[in-house]
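Colleague: I would like to learn how to read a model of a protein chain, feature by feature. Could we go through one together?

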Amino acid sequence: MLYIGPGDVPGSDDHEGFVSGRTPDGRDTGIWTDVLDDHLDGPAYTGFRAACECGWRDDELHAPDADGHRAALHGFVDRHFAAIAGYRPDPERDFLTPWSVRRVTHA
């Protein structure tokens with residue numbers, strides 16, 4: 001979840017948000033795991049939570065589904081990035097987000 005909003009936010013390059021998947025054994029996935037794709041084809045997650053490349057992890061665990069994924073992305077903005085920016089950016093407008101990327105399915 002890359003910040004692309006108006007104005008410079010000092011330090012924002014060090015804060016790329018993502019959704020971490022909690023595995024059944026209690027581990028959390030990292031920034032390079034697409035938990036929605038992995039969840040459909042592979043490991044079952046017990047929940048999703050907001051995370052940042054700086055090491056921050058949200059305490060709130062969301063359902064491991066599309067709604068939980070969206071809630072985790074908003075959690076990154078509300079509970080982490082807003083403190084860095086000094087205001088609450090709009091997740092739909094100010095970030096390049098996973099939900100803004102059209103997925104192409106091949107027949």
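Modeller: We will take the fold, the cores, the aromatic pairs, the salt bridges and the surface in turn. Keep in mind that this is a predicted model.

Colleague: Let us begin with the fold. How many helices and strands does the protein chain have, and in what order do the elements run?

Modeller: The protein chain has two helices and four strands. Read from the N terminus, the order is β-β-α-β-α-β. As for burial, 37% of the 107 residues count as buried.

Colleague: Next, the interior. Which residues make up the largest nonpolar core?

Modeller: The general idea is that nonpolar side chains tend to be buried together in soluble globular proteins. In this model the largest nonpolar core has nine residues: Val9, Ala50, Cys52, Trp56, Phe76, Val77, Phe81, Ala85 and Phe95. Two or more residues of this core come from each of β3 (47-52) and α2 (66-85). The biggest share is that of α2, which gives four residues.

Colleague: What lies apart from that core?

Modeller: Another core, made of six residues, lies apart from it. Val19, Val35, Ala72 and Leu73 are among its members.

Colleague: Now the rings. How is a pair of aromatic rings described?

Modeller: Two values are given, the distance of the centres and the angle of the planes. The structure holds two aromatic pairs. In one of them, tyrosine 45 and phenylalanine 48 have ring centres 6.0 Å apart and planes at 55 degrees, so this pair is tilted. The label follows because planes between the cut-offs of 30 and 60 degrees count as tilted. The other pair is phenylalanine 76 with phenylalanine 81, where the centres are 5.8 Å apart and the planes stand at 45 degrees, so this pair is tilted as well.

Colleague: Are these ring residues buried or exposed?

Modeller: Tyrosine 45 and phenylalanine 48 are both buried, and phenylalanine 76 and phenylalanine 81 are buried too. The latter two also belong to the largest nonpolar core.

Colleague: Where is phenylalanine 48 placed, and how far from leucine 61 is it in space?

Modeller: Phenylalanine 48 sits in strand β3. Its relative accessibility is 0%, so phenylalanine 48 counts as buried. From C-alpha to C-alpha, phenylalanine 48 and leucine 61 are 5.6 Å apart, although 13 residues separate them in sequence.

Colleague: On to charges. How many salt bridges does the structure hold?

Modeller: There are six salt bridges. One of them joins arginine 49 and aspartate 28, with an N to O distance of 2.4 Å. Arginine 49 is in strand β3 and aspartate 28 in the loop between β2 and α1 (35-41), so the bridge ties together parts that lie 21 residues apart in sequence. Arginine 49 counts as buried at 11% relative accessibility, whereas aspartate 28 counts as partly exposed at 28%. A network of salt bridges links Arg22, Asp28 and Arg49.

Colleague: Which residue forms a salt bridge with aspartate 78?

Modeller: The partner is arginine 88, and the closest N and O atoms are 2.5 Å apart. This pair links helix α2, which holds aspartate 78, to the loop between α2 and β4 (95-96), which holds arginine 88, 10 residues apart. Both ends are partly exposed: aspartate 78 has a relative accessible area of 37%, and arginine 88 has a relative accessibility of 46%.

Colleague: What about arginine 27 and aspartate 25, buried or exposed?

Modeller: Both are exposed. They form a salt bridge in which the closest N and O atoms are 2.9 Å apart.

Colleague: Where does aspartate 58 lie, and which side chain does it meet in a polar contact?

Modeller: Aspartate 58 is in the loop between β3 and α2. Its relative accessible area is 5%, so aspartate 58 is buried. A polar contact of 2.7 Å joins its side chain to that of arginine 79.

Colleague: Last, the surface. Which residues make the nonpolar surface patch?

Modeller: Leu2, Ile4 and Leu96 make a nonpolar patch of about 270 Å². Isoleucine 4 is in the loop between β1 (2-3) and β2 (17-22), and counts as exposed because its relative accessibility is 52%, against a cut-off of over 50%.

Technical notes. Residues are numbered from 1 along each chain as its sequence is written. This is a predicted model: local features need pLDDT of at least 70, side-chain atom pairs count only at pLDDT 80 or more; totals for chains, interfaces and linings use all residues. Side-chain values use heavy atoms; hydrogens and water are left out. A nonpolar core is a set of buried Ala, Val, Leu, Ile, Met, Phe, Trp, Tyr and Cys residues joined through side-chain atoms within 4.5 Å. Buried means under 20% relative accessible area, exposed over 50%, partly exposed in between (1.4 Å probe, protein chains only). Rings of Phe, Tyr and Trp (its six-membered ring) pair if their centres lie within 6.5 Å; planes under 30 degrees apart count as stacked, over 60 as edge-to-face and the rest as tilted. Patches are made of residues with over 30% relative accessible area and no salt bridge: like charges are joined within 9 Å, nonpolar side chains (Val, Leu, Ile, Met, Phe, Trp, Tyr) within 5 Å. Accessible areas come from the Shrake-Rupley method with a 1.4 Å probe; for residues, only the protein chains shown count as cover. A salt bridge is a side-chain nitrogen of Lys or Arg within 4 Å of a carboxyl oxygen of Asp or Glu. A polar contact is a pair of N or O atoms within 3.5 Å; within protein, one must be able to donate a hydrogen and the other to accept it, and residues adjacent in sequence count only if both atoms are side-chain atoms.
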